[in-house]
Structures are given as C-alpha cells and as structure tokens.
Amino acid sequence: MILYDQTNQIFHLQGLTFSYILSVYNGVLMHMYWGKKLPEGDHAGLFVLSGEAASFDPPCNRHPREVLTQEKGYFGQRSLNLINTHGDDVLSLRYEGHRVFAGKKKLQGLPASYVESDAEADTLEIDLRDALTGAAVTLSYTVFHDFDVLARSMVIRNESDQPMTLTEVQTSVPLPMDDYEIIHLKGAWARERFAQRIPMPQGTFSISSRRGASSHENNPFLALVKPHTTEHGGDVYAMTHVYSGSFSASVDVGIDAAPRMMMGLCSDVFSWQLEPGAAFQAPETLLTYAHDGLNGLSHRMHAFIRQRICRGMWRDQSRPILINNWEATYFDFNSDKLVEIARRGAEIGCELFVIDDGWFGKRNADNCSLGDWVVNENKLPGGLKTLAERINALGLQVGLWFEPEMVSPDSDLYRAHPDWCLHVEGRERTTARNQLILDVSRKEVQDYIIESVSSVLRSAPISYVKWDMNRNMMEGFSAALPAAQRMETQHRYMLGLYRVLEEITSAFPKVLFESCSGGGGRFDCGMLHYMPQTWTSDDTDASERVRIQYGTSLIYPCSSMGAHVSAVPNHQTGRTTPFHTRCNVAMGGNFGFELNLNKISEEELRCAKDAVATVKKLRTTMQQGEYSRLVNPLTSNGRSAWQFTDDERVIVCIYQDYASPNPQPWHVKLTGLDENVVYVDEAHGLRCSGGALMSIGIPVPRAWQDHESWIYCFEKA
Ligand code: DGJ
C-alpha cells in the first residue's frame with residue numbers, strides 16, 4: 001500500500017512487514033525511515049532533527065536525502081553524479097510531482113521484477129528536477145501485495161539542449177544511526193559466495209566488480225544486520241542488484257555515524273553521454289528488510305526471485321534430473337561414448353543428458369572454435385539430430401552447452417571478423433582460457449549470436465541449454481563506439497546481451513536455460529530473469545559445496561542452483577567423500593550427475609538410483625518449499641544443516657566434515673514448524689511434535705567416517 005499525507009508531503013510505503021517513508025522538505029526529497037512496518041498515522045513530528053549544523057558541515061548533511069548528489073556541502077559518497085555542460089557537477093534536485101498507480105512498468109532494455117496483473121502491486125513515481133541544468137530524475141518504488149520486497153529504480157533525463165555526462169548511478173538508502181555488521185558474499189572461481197560477516201567500519205566499506213560480469217569475487221548483494229541478528233531473529237537490511245555486469249556496492253558511514261547503503265553501476269568502468277532529450281534507465285535494486293533474521297531475509301528473497309524475477313514455463317516446474325558429460329569425459333568423447341553414459345543414466349532414472357562443450361567446430365581442447373557453432377561430424381557422425389534421437393530413444397531429453405559471447409582467435413568467426421571482439425586498437429588482445437570476448441554491444445554481433453544459437457536449436461530436439469561465459473573483460477572496449485563514448489561499452493554490452501537473451505528465450509519457450517560463468521561467476525537476478533537456474537560453482541567437491549550452497553542460499557533459492565554428484569577423488573580438491581554424501585549435498589539444489597556412471601561400483605550405482613528416486617519423490621518440497629539454514633558450516637566446525645518445508649513434509653539435510661573419537665553429541669533444532677502437529681520419519685523411527693523438533697531437535701548419529709551426512713524426511717502424521 002502507498003499512503004500519501006498531502007499536508008506534510010509524506011509518502012508511506014507499506015510492504016507486508018516493512019515501512020519505507022519519504023518526505024518532501026523545502027522541495028528536497030528526504031529519506032525518513034526504513035524498517036519494521038508502522039501503522040498508518042501522522043509521523044511528521046518524529047522527523048524533526050535537533051541541533052545546529054556546524055560551519056564545516058552545512059545543512060545538507062543534517063538530513064538524510066534520498067538521492068545523494070553534490071550540493072550545498074554534501075561530502076559523503078554520491079549516489080548520482082552528472083557533469084553538466086558548464087563542466088561542474090552540482091546537482092540540486094527538487095520535487096516536481098509524483099504519481100501512484102497500480103502495477104509496475106517494465107524497465108527499458110533491462111531485466112527487472114514484474115507483475116502478472118496490475119492488482120498485484122502499487123508503484124510510486126517521484127519526479128525531481130534541477131532547475132539550472134535541466135537534469136531530471138524519476139524515482140520508482142514498487143510495493144508488492146504478496147511479496148515482501150521493495151523494487152527501486154530510476155530514470156535520468158537530460159531536459160536541456162546541451163549534452164551531459166552521467167558518471168555515478170547508484171540506489172542509496174540511509175539507515176538510522178546504530179551498531180551494524182556487514183554481510184556480503186565473497187569468493188573466487190571454484191569458491192564462490194562464502195558469506196562474510198564483519199563489523200561496520202567508521203568510514204567506507206565497498207565491494208565491486210569491474211570484470212564485465214557480476215563475478216565470482218563479489219556478488220551484487222549487501223546486508224547490514226544488528227550485532228545480535230542470527231539466522232532466526234534480528235534486523236536485516238539488504239540490497240540486491242537485478243543486473244549481471246560490473247557493479248559496486250558500499251556502506252558509507254557519515255559524520256553522524258549513520259550509514260548509507262548503496263548499490264549500482266561501477267563508476268570505474270562506466271560513464272554515459274546523455275544527449276539533449278535522452279533518458280538513461282538505471283538497473284533495478286531490490287530492498288529487503290527482515291525483522292526475523294537471515295532466514296527471514298532468505299524466505300522473502302527466495303519467494304520473490306522464484307516467482308517475480310524468474311519467468312517462463314520452467315519457473316514453477318520441477319527441474320529434470322540431469323547427467324552432464326563435462327567431468328565424465330571433458331573433450332574426449334564421440335557419439336557412442338556419450339550414448340553409453342546416457343544409457344546408464346536412463347537405467348537409474350535420469351531425465352536429461354547434457355552435452356557439455358567439445359561438440360562444435362574442431363574443438364578438442366579449450367584453444368579453438370568458440371564462435372563456430374556448427375557440429376563436429378567427425379566426433380558426432382550424423383550431427384546433433386542423430387545423436388539426440390539416439391539419446392531420446394533411451395528416454396532422456398537432450399541438453400547442449402554454448403558459450404555464445406566468446407570467440408577463439410583460432411576460429412572461422414574471428415578470421416572473418418577480427419574487429420568483432422572487445423579490444424583497444426594498438427594494444428595486445430589479452431586472451432584468457434585462449435579466448436576473446438565478442439563485442440555484444442554491437443547489433444551485428446547480437447544478431448550473429450541470436451541466429452547461430454537459434455539455428456542449432458532448430459536443427460535438433462534440444463530441450464535444455466547451458467549458457468556459459470568463461471572469462472572477464474580486460475581491454476573491454478568497443479571499437480564501434482566514438483572515443484567520447486568508449487566508457488559506455490560495458491553497460492552497452494549488458495544491454496546487448498539482455499536483448500539476445502530476451503530474443504532467444506522467447507523464441508524457444510520450452511527450452512530450460514541454465515546460465516553459467518565458469519561456475520557461479522554470474523549468479524545474479526539479472527541472469528535469473530532469463531534463465532531460472534545457474535551452475536552454482538565449478539567446484540563439485542561435496543564438502544566445499546556445503547559452504548558454497550549455504551552462502552548462495554542467503555539470497556538465491558535452491559531451485560536456482562545447479563548441484564551435481566561428481567567422481568572421486570574430486571577433480572577440484574582431490575578429496576574423497578562418500579557417494580551418499582555427494583548425493584545428499586547435491587539434493588540442496590537442482591540435482592544431477594557429472595561423472596561416468598559406467599565407471600562407478602555396483603553399490604554406488606544402487607545409491608545413485610536411490611538418490612534419483614528420492615529426488616523424484618521430494619523435489620517439489622526441495623525446489624518449491626521454504627528453505628531454512630539451521631547450522632552454519634563456517635562457524636560450526638564443519639557441521640551444517642538445512643531444512644526444506646512445505647504443507648506436506650519437512651526434509652532435513654545434516655552434514656559433518658570430520659569424524660572424531662569420543663564425539664560430543666549434538667542435536668539439530670528445526671524451525672518454523674507447527675508446535676502441535678506430529679511429524680513422522682518412519683525410516684529413522686521418529687514420531688515427534690513440531691514443538692519437540694524445534695526445542696530438542698534431531699539427535700545426530702555418531703559419524704564413523706569423515707564427510708558423513710544424513711537426510712531426515714518427516715511427513716505430517
Ligand atoms: C565452465 C563450466 O563451468 C563447466 O561446467 C563446463 O561447462 C566448462 N566451462 C566447459 O568448458
């Protein structure tokens with residue numbers, strides 16, 4: 001609901017459990033409150049600030065403004081910066097008007113949250129304008145009636161007759177002065193999204209990616225929490241970017257010790273020429289407040305991402321159990337070898353076989369052929385159609401890997417269009433994994449990708465696509481742009497990529513798309529808008545995966561995480577973990593196999609078959625139910641637990657890194673159950689009330705080996 005108090009010019013945005021309050025004061029849009037839901041009422045008297053401004057800190061610092069620009073002595077970090085035609089960047093935005101309407105508009109060219117009917121949400125748009133320069137901004141706020149997330153974005157317009165340069169585009173929110181800690185998701189290739197929690201410094205804390213992808217290193221997510229906040233209680237203020245390119249996010253503590261959270265485009269690699277009459281659409285940022293701890297944050301975000309970021313036929317459907325040949329064969333395969341792996345997959349109940357890399361051009365290693373999306377008939381005689389029909393005959397669907405944004409220097413595409421890659425004239429084109437990045441900001445490159453991928457999808461019965469991206473931008477500039485606009489390349493690349501994704505996913509609505517960037521280097525809401533799942537990490541080691549999936553789950557739902565059972569010793573760590581543990585951990589995401597099923601023991605094959613049957617029985621709960629974290633592996637000495645709950649059942653997965661002699665007993669306490677309902681786990685002979693499961697918990701059996709794990713499944717009695 002969006003309430004407006006005209007006398008005091010106060011906007012009160014009421015979500016399901018949060019309030020967000022703005023007011024217009026002397027024409028300036030002020031931020032008054034974000035936090036626990038407040039009743040409708042007159043709060044104006046509470047927003048009076050005491051004291052006088054010191055001469056060194058003029059009036060602008062006294063009141064938290066909604067848009068932080070360079071004016072009247074504001075010395076903190078800016079959320080919006082425009083260099084005007086006079087060469088200065090002073091920007092005094094003043095309120096011009098506002099509108100409230102049912103529903104939510106689409107964002108021009110960008111992924112964003114959406115409504116299925118106007119009755120689902122209300123949107124407030126507020127117009128601000130700088131009288132001297134003609135710079136104008138429209139801020140947009142959408143409050144959903146069934147989801148507890150606030151969606152914010154803005155459009156910046158040049159209403160003058162002179163060009164301007166946009167250099168900073170961030171969504172900012174000031175928070176009340178208090179003690180906070182910062183949570184963010186730190187990582188690197190093969191160790192993505194390890195949740196970090198640190199005290200909020202007096203100064204500026206920032207994370208960013210300049211890589212042209214949201215990155216393995218920093219995820220576009222940031223939260224401030226109170227020191228006492230746990231998984232199950234306490235305040236959380238979080239921001240998430242609906243964007244897949246470079247970004248920055250920060251917490252800037254002002255002289256009054258009040259933090260300002262920000263998230264937006266990374267100004268190190270962004271500026272934009274705003275011509276007279278032109279408009280710039282900023283990416284959307286999602287704001288989530290939870291009073292009920294980190295699980296509260298996750299419940300709100302999971303539901304929202306699953307249903308109002310992800311789209312398409314697969315959004316609400318159970319995801320197929322797949323078998324992927326990458327770690328099983330790498331580049332060393334032919335049709336018969338693939339069919340034999342698929343045959344074994346079919347025998348244990350798999351539903352989809354994915355041909356990962358190596359099927360096109362002359363690619364037998366990672367040093368050639370990206371861009372030449374034509375099947376290699378030497379390896380796959382009769383082409384993809386013949387191979388797909390053989391696999392279909394076994395009862396499996398077929399999936400295919402692409403890396404469409406890339407080009408190998410050794411490829412027909414590069415030989416024909418050497419200027420189609422991102423580069424700087426006169427400088428070496430730095431390769432990574434022996435490849436260059438196509439300049440997807442160019443329309444002709446976008447069209448090439450759309451046509452080459454589409455023609456393969458039209459040529460054979462392909463029902464799944466893995467869309468990979470295996471390097472970051474180095475000399476990341478477009479030769480097609482004039483010098484004054486070169487810094488626009490990265491954002492134009494993203495706009496081009498989103499156009500490509502929109503066209504391809506709309507043209508093939510039945511295909512399940514999974515995004516990937518060397519594992520989880522582009523795990524963000526932008527990609528999830530087009531592809532409802534992402535390959536979580538190239539690290540398939542079960543012990544590592546517990547931590548990676550645990551951190552990822554802070555924001556992203558399990559239905560968005562690809563999770564596969566792989567061979568031991570593990571290819572990334574050399575570690576050997578029990579087969580059932582590899583299965584139990586992979587059940588924390590979209591379950592699949594990535595090993596040669598013909599090379600495992602009879603006992604392991606039986607275990608694989610049981611796991612497939614379990615996933616088929618329980619996947620609705622695991623993919624669409626509510627997911628809660630119970631025990632954090634990063635702070636509990638390698639012990640971990642998580643829980644899935646829906647109306648029918650409760651599933652608990654418990655994992656322990658190391659067995660120890662004379663172990664101390666431990667219990668895993670469940671959460672969010674009905675106290676008086678009786679829950680039964682027949683396999684473990686347990687019949688207990690929800691109250692007992694939450695207060696006493698499941699007694700964890702003694703582990704007689706490292707990397708032990710257990711699954712409990714309780715049905716309501
Ligand atoms: C990187 C991905 O993350 C892997 O899963 C695999 O698809 C390889 N690329 C293939 O080159």
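1. Which atom of the ligand has a polar side-chain atom of Asp468 2.7 Å from it? A nitrogen atom of the ligand lies at that distance from Asp468, a polar contact in the sense of a pair of N or O atoms within 3.5 Å.

2. On provenance, this is a predicted model, in which local features need pLDDT of at least 70 and side-chain atom pairs count only at pLDDT 80 or more, whereas totals for chains, interfaces and linings use all residues. Residues are numbered from 1 along each chain as its sequence is written, and side-chain values use heavy atoms, with hydrogens and water left out.

3. Around the ligand there are 13 residues, the closest being Asp356, Asp357, Lys466, Asp468 and Asp538, where a residue counts if one of its heavy atoms lies within 4 Å of the molecule. Two of the carboxylates deserve a separate look in the viewer: Asp356 places a polar side-chain atom 2.7 Å from an oxygen atom of the ligand, and for Asp538 the distance from a side-chain N or O atom to a ligand oxygen atom is 2.3 Å.

4. Asp538 also appears in the second largest pocket, where it is listed with Trp189, Arg433, Asn470 and Gly518 as nearest the centre among 26 lining residues. That pocket holds about 440 Å³ of space, and its lining comprises 8 nonpolar, 7 polar and 11 charged residues.

5. The largest nonpolar core has 180 residues, with Trp359, Phe591 and Phe593 touching the most other members; such a core is a set of buried Ala, Val, Leu, Ile, Met, Phe, Trp, Tyr and Cys residues joined through side-chain atoms within 4.5 Å, and buried means under 20% relative accessible area with a 1.4 Å probe, protein chains only. Apart from this core lies another of 20 residues, including Leu673 and Tyr712.

6. Leaving aside neighbours within four places in sequence, Trp359 is in contact (heavy atoms within 4.5 Å) with residues including Phe333, Trp373, Leu400, Trp401 and Val456.

Methods
Buried < 20%, exposed > 50% of the residue type's maximum accessible area, 1.4 Å probe, protein only. 1 Å grid on protein atoms, 1.4 Å probe; cavity = no way out; pocket = protein on both sides within 12 Å on 5 of 7 lines; lining within 4 Å. Points joined across faces, edges and corners; volume = space filled by probe spheres on them. Nonpolar A, V, L, I, M, F, W, Y, C, P; charged D, E, K, R; others polar. Polar contact = N/O pair within 3.5 Å; in protein donor to acceptor, adjacent residues only side chain to side chain.
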